[in-house]
Amino acid sequence: MGIYLDYNATTPLDPRVLEVMLPYLQTIHGNASSVHHFGRRVRTAIDHAREQVANLVNAHPSNIIFTSSGTEANNLALKGTACHAEVGRLMISRIEHASLYTPALSLERQGWIVDYLPVDNTGRVKQDYLTIPPDTRLVSVMTANNETGVIQPIADIAEYCRTHNIVFHTDASQAIGKIPVDFTATGANLMTLSGHKFYAPLGSGALITDKTTLLEPLLHGGGQEKGLRGGTENVAAIVGLGKAAELATDELEKRQRHTRQLRDTLETLLHTLSSVNIFAESVERLPNTLMISVAGFTGETILMGLDRLGFAVSSGSACHSEKTEPSHVLMAMGIDATTAKSAIRISLGNQNTPEDIQQFYQALKQQIEQTQLLMALG
Ligand SMILES: Cc1ncc(COP(=O)(O)O)c(C=O)c1O
């Protein structure tokens with residue numbers, strides 16, 4: 001099957017998660033809104049999952065709104081807040097995920113002014129947030145970046161926003177389950193979570209809310225999720241999300257240690273390859289994430305070459321209309337387009353082993369050397 005090194009794209013479903021989900025796909029059925037005992041049984045399961053998710057991020061169960069994904073939670077945070085405010089200004093960082101910056105662009109089309117917080121050459125949001133225009137209604141900065149893994153000064157930004165009466169949202173999709181994330185201590189008003197980044201099923205997520213922030217639902221319906229997310233609950237996905245959250249709470253330290261050791265070993269090995277550059281090496285990053293560039297290659301070429309050898313990584317660039325664009329994250333860091341286009345991301349997880357790292361290193365080295373030889377031969 002090959003070696004999977006793309007956990008930031010999605011994690012495999014944990015078998016222990018699948019086990020608790022299966023009864024809700026096979027034998028236990030019911031609509032959580034029904035008052036009879038079929039309904040009450042699934043309602044109890046959802047309530048339990050809400051507690052498990054709340055526990056993972058130190059929130060109250062009533063703070064959790066289940067959604068279909070991190071994308072939906074990001075949309076709800078931005079558009080749901082904007083609906084309750086006069087058209088005005090909002091601010092996002094330059095390195096947000098598409099599921100955050102595209103709703104911001106959509107609000108821009110509706111008349112909102114969108115300001116962008118720059119990042120420095122290590123990928124950290126600059127202290128410019130201290131000069132957020134006073135009429136800003138909402139600020140959104142991710143907790144950790146999906147490409148570089150760089151962890152952002154979220155608590156400081158939240159504090160600034162609180163004292164200036166600005167709603168603060170953070171997309172914690174990549175951080176939750178990888179590093180400790182404390183909703184209450186962070187002081188954010190809204191926080192996004194995506195289940196399939198920590199071994200829960202695809203299509204599960206949540207928006208965590210402080211409940212004082214007014215939100216307009218994206219999906220109006222039968223009053224589910226306190227009226228903030230209509231639609232009959234996907235019980236199996238929610239139960240799976242709850243179990244994955246419980247496991248992430250219990251195993252967080254072990255998971256961090258495991259991936260950090262592997263990542264550090266890989267970094268040490270990569271230092272021996274002169275054409276490899278490691279991004280954001282000097283700053284605090286997610287323990288599982290490593291973004292590199294390989295001089296003389298494009299990320300796509302390396303990715304395809306590694307794929308043929310059985311390794312799954314991700315390239316830093318995104319394909320839009322058949323054109324390969326360099327990563328907006330690296331561009332925001334001031335990296336030149338050629339280097340940015342030569343980037344690949346390696347993101348590690350529970351199932352990776354020291355052997356995976358050695359084999360990956362050998363494969364990358366071989367690929368670089370072969371290409372260099374071919375080029376030297378003309
Ligand atoms: C930082 C970040 N936010 C949001 C998302 C979207 O989450 P989902 O896939 O659950 O919609 C992703 C997924 O890659 C992500 O990396």
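Here are a few friendly notes on the ligand site and the pockets of this predicted model.

1. Let's start with the ligand. It is surrounded by 14 residues, and T71, D171, S194, H196 and K197 are the closest of them. By class, this shell holds eleven polar residues, two charged and one nonpolar. Helix α3 (residues 70-82) supplies the largest share of the shell, three residues.

2. Some polar pairs are worth a look on screen. T71 places a polar side-chain atom 2.5 Å from an oxygen atom of the ligand, and for H196 the corresponding distance from a polar side-chain atom to a ligand oxygen is 2.7 Å. In Q174, an N or O atom of the side chain is 2.8 Å from an oxygen atom of the ligand. The protein buries 87% of the 390 Å² that the ligand exposes when taken alone.

3. Where does the ligand sit? It occupies the largest pocket, whose volume is about 580 Å³. The lining of this pocket counts 35 residues, with H97, A98, N146, E147 and R345 nearest its centre. Elements that contribute two or more residues to this lining are α3, α4 (98-109), β12 (314-315) and β13 (318-320). The lining divides into 22 polar, eight nonpolar and five charged residues.

4. The second largest pocket also deserves a glance, with about 160 Å³ of space. It is lined by 15 residues, and T67, S68, R229, N234 and I238 are the closest to its centre. Both β2 (64-67) and α7 (235-270) supply at least two lining residues; α7 gives the most, with three. Here the classes are eight polar, four nonpolar and three charged.

How values were computed. Residues numbered from 1 in each chain as written. Predicted model: local features only at pLDDT ≥ 70, side-chain atom pairs only at ≥ 80, totals over all residues. Heavy atoms only, no water. Near = heavy atom within 4 Å. Polar contact = N/O pair within 3.5 Å; in protein donor to acceptor, adjacent residues only side chain to side chain. Areas by Shrake-Rupley, 256 points an atom, 1.4 Å probe, with all protein chains shown as cover. 1 Å grid on protein atoms, 1.4 Å probe; cavity = no way out; pocket = protein on both sides within 12 Å on 5 of 7 lines; lining within 4 Å. Sits in = over half its atoms within 2 Å of the grid points. Helix = DSSP H or I, 4+ residues; strand = E, 2+ residues; numbered from the N terminus. Nonpolar A, V, L, I, M, F, W, Y, C, P; charged D, E, K, R; others polar. Points joined across faces, edges and corners; volume = space filled by probe spheres on them.
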